[in-house]
Amino acid sequence: MRNLNQKNMALEITDATFDEVVLKSDKPVVVDFWAAWCGPCRMVGPIIDEVSSEYEGKAVVGKVDVDSNQEYAAKYGVRNIPTVLVFKDGEIVSRQVGVSPKKVYTDAIDAAL
């Protein structure tokens, strides 16, 4: 099996990088809060990776593993995963909890562009 090209994958965001990558971005940022043990998260993951490659250069798309990065999950009230937040200028402009069709995520990004 060949390695997936890294640029077609969502960015890994940690508590240490969240402020810089998400809150200070001049582009809309999609953040997928997930965990490895979460079944629905495994359904959303490939959708988020697709969105990442489609919006390359227009939006930042990343994932936060809530098991190892709890600070911002707590700060933004993420109680259920997957939760996908869209930020614009450091503010949440969209919140989607659970598994949604890709169009829900792309519509949220388009609205923030």
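In which sense do strand 1 and strand 3 pair, and over how many bridges? In this predicted model, strand 1 and strand 3 (residues 60–65) run parallel to each other where they pair, and the pairing covers 2 bridges. One residue pair can be named here: Glu12 has Lys63, in strand 3, as its bridge partner.

This pairing belongs to a wider arrangement. The sheet is open and is built from 5 strands. Their order is 1-3-2-4-5, and the pairing is mixed. Two strands lie at the edges: strand 1 (11–12) and strand 5 (91–97). Each of these edge strands pairs on one side only.

Strand 5 contains Ser94. Is Ser94 buried or exposed? Its relative accessibility is 17%, under the 20% cut-off for burial, so Ser94 counts as buried. Beyond its neighbours within four places in sequence, Ser94 is in contact with Val84, Leu85, Val86 and Ala108.

Helix 2 (residues 39–54) lies across three strands of the model: strand 2 (29–34), strand 3 and strand 4 (83–88). The helix runs at about 155° to strand 3. Helix 2 is made up of 16 residues. From its first C-alpha to its last, the helix reaches 24 Å. That span is close to the 22 Å expected at 1.5 Å a residue.

Which residues of helix 2 are buried? They are Cys41, Val44, Gly45, Ile47, Ile48, Asp49, Val51 and Ser52. What do the buried residues of helix 2 pack against? Their packing partners are strand 2, strand 3, strand 4 and helix 4 (102–112). Strand 2, strand 3 and strand 4 are also the strands that helix 2 lies across.

Cys41 has a further role in the covalent structure. A search of the whole structure finds 1 disulfide. The bond is formed by Cys38 and Cys41, with their sulfur atoms 2.3 Å apart. Why is this disulfide right-handed? The torsion about the S-S bond of Cys38 and Cys41 is about 80°, so the disulfide is right-handed. Both cysteines are hidden from the surface by the criterion applied to Ser94. Cys38 counts as buried because its relative accessibility is 3%. Cys41 counts as buried because its relative accessibility is 5%.

How values were computed. Residues numbered from 1 in each chain as written. Predicted model: local features only at pLDDT ≥ 70, side-chain atom pairs only at ≥ 80, totals over all residues. Heavy atoms only, no water. Pairing = 2+ DSSP bridges. Helix = DSSP H or I, 4+ residues; strand = E, 2+ residues; numbered from the N terminus. Contact = heavy atoms within 4.5 Å. Axes fitted to C-alpha atoms, helices over the stretch in contact; angles between N-to-C directions. Buried < 20%, exposed > 50% of the residue type's maximum accessible area, 1.4 Å probe, protein only. Disulfide = S-S within 2.5 Å. Expected span 1.5 Å × (residues − 1).
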